[in-house]
Every structure is written in structure tokens, then in C-alpha cells.
Amino acid sequence: MLITRKAEFSASHVCAQSSLTPEQNRALYGLAANPNGHGHNYVLEVTLEGDPDPATGMVFDLKQLKEIIHKAVIEPMDHRFLNYEVQPFDKVVPTAENVAAEIWNRLEPSFEGSPARLQNVRLYETDDLYVDYAGARQ
Amino acid sequence: MIRVTRRYRFAASHRLHSEQFSEGENRALYGKCNNPHGHGHDYVLEVCVSGPLDPVSGQVVNVSTLDQLVASRVVQDFDHKYMNADVREFQEVVPTSENILRVVEKRLAAQWNSVFPGGGTHLESIRLRETRRNVFELRTS
């Protein structure tokens with residue numbers, strides 16, 4: 001069975017590589033290459049997979065999941081400039097793809113040894129663009 | 001694997017009517033959708049793309065390239081049109097959402113390898129929301 005918890009954070013970013021010229025970055029990333037950055041209201045959907053515990057009837061305690069997401073993602077990323085304030089985005093371009101993968105990497109250790117496993121991370125950068133990441137193993 | 005999904009919109013009208021059935025059979029089969037004057041929807045088209053993460057750009061797909069492809073091959077031809085009359089393929093087949101998905105897939109597939117050379121970028125699935133309650137999906141890989 002799958003359960004999904006949603007969370008939101010607002011952050012700014014620049015999509016540009018230091019090895020490229022401003023013109024090359026502009027050609028590759030368009031408006032997102034603006035050097036001063038711009039922001040999004042990111043919407044995150046975290047999906048866990050597991051069997052409901054026969055005693056509690058729950059796949060995972062949703063209050064606990066909320067806490068895990070808050071500590072691993074919302075606290076470090078909400079109202080931040082990702083490139084300057086959140087590693088590894090000082091070195092890695094914070095595209096939606098890379099942010100989704102980083103969120104996966106930050107969340108996954110919390111479910112080690114737990115009956116539920118992290119099944120998918122969906123990150124909406126806007127209403128019309130989202131990324132799904134289900135880990136490097138797939 | 002990372003999948004990127006992009007959402008597009010077009011407003012179009014259609015009439016569900018097959019020449020292979022009688023007037024009565026068409027009414028029975030398609031109900032309200034057989035109304036002779038047609039009717040319309042605000043369609044939402046979701047295009048899902050998968051592939052390896054380019055280590056340099058940090059992207060699976062360049063979204064503006066995908067936007068240009070979908071706009072030029074689908075949205076511009078479908079938006080604010082009566083599909084039965086204005087979109088070539090639907091002069092032959094009934095514009096049900098299922099058939100719309102097949103036409104969209106064919107149109108995107110025809111250009112795919114020239115727009116995304118190298119073969120690493122896959123068209124994973126296409127979803128069409130005809131209304132908030134009716135959603136159709138074609139898995140393409």
C-alpha cells in the first residue's frame with residue numbers, strides 16, 4: 001500500500017554553471033539563468049510503500065513522516081536561496097531534477113530499518129512542471 | 001530514473017460520432033457526446049519524459065525544447081479548434097480521448113529523434129484530462 005504526504009516550501013535558485021558563459025547559460029536554462037535568482041513555491045509529495053501494521057492499521061505514522069520531512073527538507077530549504085544556503089547546490093545546479101534527487105537522498109536514511117520504504121519523491125516546481133524520482137537503484 | 005512531467009492546455013470541441021453506426025446507435029453509444037453541433041472541453045495534456053540525468057546540465061530534458069515540440073505539433077493545431085473538422089486525423093477517426101492520445105503520441109514520435117537525438121530521452125507516457133473526472137493515459141515505453 002502507498003501513502004503520500006504533501007509539503008510545501010518556498011525557495012529561490014539560479015540555474016547556471018560556472019564553467020559556462022552567461023550567454024551559454026541563458027541558451028541552456030532560459031529565464032532560470034538570471035544571475036540574481038528567482039523563486040518558486042515548491043510542492044513536495046513523499047510516497048511510502050509498506051503493509052499496514054496489524055495493530056495500528058498504519059503503514060507509517062503520518063505525524064512522524066511530517067516531522068521527518070520537516071527536519072530533512074522544509075527546515076533547511078524553506079525561504080532560502082538554494083545556491084548559497086543549501087548544499088550541494090553551491091556546486092550542483094539546482095534544477096528540479098537535482099533538487100528532487102537531493103530530497104530523496106536526505107529522506108531515505110530515515111526509513112532504514114522501518115517497515116515502510118521510501119517509494120517516490122515528486123517535486124512540483126510549478127503547477128505545470130514536476131519531477132518524479134524513485135532512487136538510483138531503478 | 002528521473003521522470004519529468006510537463007502540463008499543457010488546449011480548449012477544443014468535438015463530436016463523438018462514427019460512420020459505422022446508425023444515428024440511433026451513435027446516440028445510444030456516445031450519449032450527450034453525440035450532440036450534432038459538438039461540445040468542448042478545456043483539455044489538460046501531461047507529457048511525461050524519462051531518461052538519464054545529464055551530469056553537466058542537471059536536466060533529464062530541456063523543458064523549453066519539449067515546450068516547442070508540443071506547442072508546434074499539438075497545441076497550436078488543437079487549441080480553439082473543432083477537432084472533427086480542423087484536425088486532419090479526426091476526419092478519419094472519432095476524437096475520443098483515447099484516439100486523441102494516439103494521435104498526440106504519433107505526432108510527437110514522428111519528431112522525437114530529431115528533437116532529442118541520441119536515444120536516451122524517452123517519451124514515457126501521455127495523460128489527457130478531458131474533465132476533472134475523466135483522465136486517460138497512454139504508456140508509450
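Which residue follows α2(A), and what is the sign of its phi? The residue is A:His79, and its phi is positive, near 55°. This value, like every other in this report, comes from a predicted model.

**Chain A as a whole**

The secondary structure of chain A consists of four helices and five strands, and these elements, read from the N terminus, are arranged in the order β-α-β-α-β-α-α-β-β. Taken along the principal axes, the box filled by the C-alpha atoms of chain A is roughly 60 × 30 × 25 Å. Of the 138 residues in chain A, 33% are buried. When the contacts of chain A with a separation of 6 or more are considered, 66% of them are between residues 24 or more positions apart.

**Helix α2 of chain A**

Helix α2(A) covers residues 62-77, which amounts to 16 residues. From its first C-alpha to its last, α2(A) reaches 21 Å, a span close to the 22 Å expected at 1.5 Å a residue. The helix nevertheless contains a kink of about 45°, and this kink is centred on A:His70. Among the residues of α2(A) that are buried are A:Leu65, A:Ile68 and A:Ile69, together with A:Val73 and A:Met77. The elements of chain A that cover the buried residues of this helix include the strands β1 (2-13), β2 (38-49) and β3 (80-81), as well as the helices α3 (82-85) and α4.

**The contact between chains A and B**

The contact draws 18 residues from chain A and 14 residues from chain B. On the side of chain A that touches chain B, α4 (96-107) and β5 (129-133) each supply at least two residues, and the largest share, five residues, comes from β5(A). The make-up of this side of chain A by residue class is set out below.

| Class, side of chain A that touches chain B | Residues |
|---|---|
| Nonpolar | 10 residues |
| Polar | four residues |
| Charged | four residues |

Strand β5(A) also takes part in strand pairing across the two chains, for β5(A) and strand β1 of chain B (residues 2-14) pair in the antiparallel sense over five bridges. Within this pairing, A:Leu129 has B:Arg6 of β1(B) as its bridge partner. Strand β5(A) thus appears in two descriptions of the contact, as the source of the largest share of the side of chain A that touches chain B and as the antiparallel partner of β1(B).

Conventions. Residues are numbered from 1 along each chain as its sequence is written. Chains are lettered from A and ligands numbered from 1 in the order in which they are written. This is a predicted model: local features need pLDDT of at least 70, side-chain atom pairs count only at pLDDT 80 or more; totals for chains, interfaces and linings use all residues. Two residues are in contact if their C-beta atoms, placed from the backbone, lie within 7 Å. Ala, Val, Leu, Ile, Met, Phe, Trp, Tyr, Cys and Pro count as nonpolar, Asp, Glu, Lys and Arg as charged, and the others, Gly among them, as polar. Two strands pair if DSSP finds at least two bridges between them. A residue is buried if 20 or more other C-beta atoms lie within 10 Å of its own, exposed if 12 or fewer, and partly exposed in between; C-beta atoms are placed from the backbone. The expected span of a helix is 1.5 Å times one less than its number of residues. The bend at a residue is the angle between axes fitted to the seven residues ending there and the seven starting there.
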